[in-house]
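Work through the following exercises with the sequence and the model at hand. Each task is followed by a solution in steps.

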Amino acid sequence: MATRIGDLLIQENLLTQEQLNVALKHQRDNGGRLGSILIQLGYVDDDDITALLSRKYGVPSINLTYFEIDPSVIKLIPMEVAQKYMVIPLSRVGNTLTVASTDPTNVFAMDDIKFMTGFNVEPVVATEASVLEALEKYYGTAHSIELKKVYEAIAQGDQDGLELNLDAGGDEEEVSIDQLQRSSEDAPIIKLVNLILSESIKRGASDIHIEPYEKDFRVRFRIDGILYNMMNPPLKLRDAITSRVKIMAKMDISEKRLPQDGRIKIRTSSGGRKKEIDYRVSSLPTLFGEKIVLRILDKDVLPLDMSILGFEQCSLQKIEAAIAKPYGMVLVTGPTGSGKTSTLYAALNRLNTPETNIMTAEDPVEYNFKGINQVQIREQIGLTFAAALRSFLRQDPNIILVGEIRDFETTEIAIKAALTGHLVLSSIHTNDAPSTISRLLNMGIEPFLVATSVHLICAQRLIRKICPDCRTEVKTPVPALIKAGFSAEEAETLQTFKGEGCKTCNDTGYKGRVGMYEVMEISEAIQELILVGASAREIRHKAVEEGMLTLRQSGLEKIRAGMTTLDEVLRETVEI
């Protein structure tokens, strides 16, 4: 529609050739839709373009502001398609779907929608502003930030109270001055990056992914464990945005061939209260440029109360008893992103008193805690987990946290510390609690050391919680419930729920996450099994006999409580 709309406006005496030339130059320099640029420059009104298209192509126009759309109709066209083609489904009568579009002449869009939905498509024309407003209203914005709206926010100087704190080491002026740095310091680039950071906080994201491809450049947020596409900036901004993030993170912008790590600290206002948020930044060279991932570390949302993490009462009592002991080892296991750090920090928070000396070795240190001595591991200079642990033992510790047990040397020192009067907390990567025993033995640790030093192993996963604002009862097939692990009698009467999708949860049906936990105490019976070299299956069988809830059983408890769905539990657990 780009050049055609300009020519049509000239024919109707709504635009001069000089104005069109200015708008086309603006489009070449900055990208964007020509119609939006003409409106932004004040040459025409949104309504002028809509009326022109309506007259020219014999398509009715509609004011979406006064139109209420049935949610079942909205679901006929996915958010990504509506966003891509700037369309909104209005109504369905029989086999005909009426669609509001900013460009009813886009036959590719209409054909795509017809193929996707199986309905005949009847277009009507609407203003771009009203379509954007409808996209916001019916699809929500946590899935996508419309690029035009981002630029509007930049033009208005809207940074949502974001104040950058770049005092963590070094000055921007110390970076070699080249084209990359100059482009990264342009006001629009600075404001765009600031906007990305502030949006991530508002939407409760845990990670930001800035990803370059051959013909595309995208920004995604991970919200409640799921990645959502947020925006697709112009490809020509790739180097400027990447360099801006690297400058803020005190990374070398001239080095593009090697991975780098850095941190950004910002101060932001939320509800009239200022708080500090850290971003842990990682850059990785890919085929078409550097991919940047920022992990958001917001201490205010870190759950430090063990009772709200999602432990069942029996499991919570076991782990509280284990960390209350003056010595021994407590291990937390699970894949990356399963909440192990949150569990360990919650345990430390409970143990952190003025009478206790707590030492931690972490890679990286994610959150800073008052009263806890935290050490950042730097393997490149020889400060490994093993080296830190040896030093800890000369620092008169009561409690030691090892961020991760990775090798025999670290494990051996940690176990010896647990046997000599220290409480040792650590994480390890295994699938479940019983298989952790096998992993330790396979690393070369003697069975009698494992049996006597390890007091408790906690395996965990994170699943999404049903949104409380759109939670509704749903009938789940009885065979599916029985297969998941419910008894036939319970499956017949069990109430199950799901989220319908609303503005609060951005139409996902889920809001927030909760943990599933498998807490295995090392009882005398299990110690004997370890000493005789029993398999993980035999250890699991004995632990279940003694009352251990498996990960699947913990998930079923969450379903009984109406906290989550069967799909979420099945996605993260296996039938034992």
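**Exercise 1. A residue in a strand**

Determine whether Leu456 is buried or exposed, and describe its surroundings.

Solution. The model is a predicted one. Step 1: the relative accessibility of Leu456 is 0%. The cut-off for buried is under 20%, so Leu456 counts as buried.

Step 2: assign the residue to an element. Leu456 belongs to strand S16.

Step 3: list the contacts, leaving out neighbours within four places in sequence. Leu456 is in contact with Lys318, Ile319 and Ala322, with Met329, Val330 and Leu331, and with Val519, Met520, Glu521 and Ile522.

Step 4: look across to strand S11. Val330 stands opposite Leu456. Val332 is 124 residues from Leu456 in sequence, yet their C-alpha atoms are 8.6 Å apart.

**Exercise 2. The surroundings of strand S11**

State how many residues of S11 are buried, and find the strands that S11 is joined to by bridges.

Solution. Step 1: S11 covers residues 328–333, and six of its six residues are buried. The strand is therefore largely enclosed by the rest of the structure.

Step 2: separate the two faces. Gly328, Val330 and Val332 point one way, while Met329, Leu331 and Thr333 point the other way. Residues on both faces are buried.

Step 3: count the bridges. Strand S15 (residues 423–428) is joined to S11 by six bridges, and the two run parallel. Strand S16 (residues 454–466) is joined to S11 by five bridges, also in a parallel arrangement.

Step 4: fix the register with one pair on each side. Gly328 has Leu423 as its bridge partner in S15, and Met329 has Val454 as its bridge partner in S16.

**Exercise 3. The sheet as a whole**

Give the strand order of the sheet that contains S11, and name the strands at its edges.

Solution. Step 1: the sheet is open, has seven strands and follows the order S13-S12-S14-S15-S11-S16-S19. Its pairing is mixed.

Step 2: read off the edges. These are strand S13 (373–376) and strand S19 (510–521). Each has a single partner strand, so one side of each is left without a neighbour in the sheet.

Step 3: from one strand to the next, the twist averages 20°.

Step 4: add the helix that lies across part of the sheet. Helix H15 (residues 385–392) lies across strand S12 (358–362), S13 and strand S14 (399–402), and runs at about 170° to S12.

**Exercise 4. Two helices in contact**

Describe the crossing of helices H17 and H22, and then place Leu441.

Solution. Step 1: two packed helices are described by the angle between their axes and the distance between the axes. For H17 (residues 433–442) and H22 (residues 536–545), the axes come within 8 Å and cross at roughly 140°.

Step 2: classify the angle. Angles over 145 degrees would count as roughly antiparallel; H17 and H22 are therefore oblique to each other. Their crossing is right-handed.

Step 3: name the contact residues. H17 contributes Pro434, Ser435, Ile437 and Ser438, and H22 contributes Ala536, Ile539 and Arg540. By class, the contact has four nonpolar, two polar and one charged residues.

Step 4: turn to Leu441, which is found in H17. Its relative accessibility is 25%, so Leu441 counts as partly exposed. Beyond four places in sequence, Leu441 touches Glu446, Pro447 and Val450. The C-alpha atoms of Leu441 and Gly533 are separated by 9.0 Å, with their positions 92 residues apart along the chain.

Methods:
Residues numbered from 1 in each chain as written. Predicted model: local features only at pLDDT ≥ 70, side-chain atom pairs only at ≥ 80, totals over all residues. Heavy atoms only, no water. Axes fitted to C-alpha atoms, helices over the stretch in contact; angles between N-to-C directions. Helix = DSSP H or I, 4+ residues; strand = E, 2+ residues; numbered from the N terminus. Parallel < 35°, antiparallel > 145°, perpendicular 65-115°, else oblique. Left-handed = near helix turned anticlockwise from the far one by under 90°. Contact = heavy atoms within 4.5 Å. Nonpolar A, V, L, I, M, F, W, Y, C, P; charged D, E, K, R; others polar. Buried < 20%, exposed > 50% of the residue type's maximum accessible area, 1.4 Å probe, protein only. Pairing = 2+ DSSP bridges.
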